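Colleague: I would like to learn how to read a model like this one, feature by feature. Could we begin with how one tells whether a residue lies at the surface?

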Amino acid sequence: MILRVLTRKTPHEPKPRSERPRVTDIRSDRWIQRTASSQKISVLEITRASRLQFSKNAVHRRIIESGYMIHAKMARRLPLSKFHISKILQWSRNHMPYGDKWMAVLFSDEKNGTSMDMTGI
């Protein structure tokens, strides 16, 4: 057996292996790339917007494969300063007579999930 391999005129090449089939086809790849390039939308939002079932990692790979889009993180929004918070409170107190019920109101920053209680001001 070894002698046959060594005396062969053509070099031995391993058999071609079949790869894992792609989850997306060409049409869905183009849709993913078009959606990602035309809007400021996250990979997870693209995954949810699609009618097909594939993971966010598959969407991310298709965007990277396009070659002309680069990854950029969205800019973080600065938190409100105490001055702005007091201005918001002043406006709300002037425009909505709510009395002592304001102490039960909780303002939250939806971006990072932190919250601030009104008693801390």
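Colleague: Is I64 buried or exposed?

Modeller: The general idea is to look at the relative accessible area, where a value over 50% counts as exposed and one under 20% as buried. In this predicted model, I64 has a relative accessible area of 53%, and therefore I64 is exposed. Its place in the fold is helix α4, which covers residues 56-66.

Colleague: How far apart are the C-alpha atoms of I64 and Q33?

Modeller: Here one compares separation in space with separation along the chain. The C-alpha atoms of I64 and Q33 are 9.2 Å apart, while 31 residues separate the two along the chain.

Colleague: What does the opposite case look like, and does D29 count as buried or exposed?

Modeller: The cut-off for buried is under 20% relative accessible area, and D29 counts as buried because its relative accessibility is 11%. D29 sits in helix α2, residues 26-38, and its side chain is joined to that of T24 by a polar contact of 2.5 Å.

Colleague: Which residues does D29 touch, leaving aside those up to four places away in sequence?

Modeller: With that neighbourhood set aside, D29 touches R22, T24 and R62.

Colleague: How many residues form the largest nonpolar core, and which are they?

Modeller: For a core, one looks for buried nonpolar residues joined through their side-chain atoms. The largest one has 8 residues, namely I32, A36, I46, F54, A58, V59, I63 and M69. Helices α2 and α4 each supply at least two residues of this core, and α4 gives the most, with 3 residues. Taking V59 as an example, and not counting residues up to four places away in sequence, V59 touches I32, V43, I46, T47 and F54.

Colleague: How many helices and strands does the protein have, and in what order do they run?

Modeller: The secondary structure comes to 5 helices and 2 strands, and from the N terminus on the elements run α-α-α-α-α-β-β. Of the 121 residues in the protein, buried residues make up 18%.

Colleague: Where is the pLDDT highest and lowest among the elements?

Modeller: The general idea is that pLDDT gives the predictor's confidence in each residue, from 0 to 100. The protein averages a pLDDT of 76, and 74% of the residues score at least 70. Among the elements, helix α5 (residues 82-95) has the highest mean, 87, and strand β2 (residues 115-117) the lowest, 50. Over residues 110-115 the pLDDT stays under 50, and for this stretch the model has 9 contacts beyond four places in sequence.

Definitions and conventions. Residues are numbered from 1 along each chain as its sequence is written. This is a predicted model: local features need pLDDT of at least 70, side-chain atom pairs count only at pLDDT 80 or more; totals for chains, interfaces and linings use all residues. Side-chain values use heavy atoms; hydrogens and water are left out. Helices (H or I, at least four residues) and strands (E, at least two) are DSSP runs, numbered from the N terminus. Buried means under 20% relative accessible area, exposed over 50%, partly exposed in between (1.4 Å probe, protein chains only). A polar contact is a pair of N or O atoms within 3.5 Å; within protein, one must be able to donate a hydrogen and the other to accept it, and residues adjacent in sequence count only if both atoms are side-chain atoms. Contact means heavy atoms within 4.5 Å. A nonpolar core is a set of buried Ala, Val, Leu, Ile, Met, Phe, Trp, Tyr and Cys residues joined through side-chain atoms within 4.5 Å.
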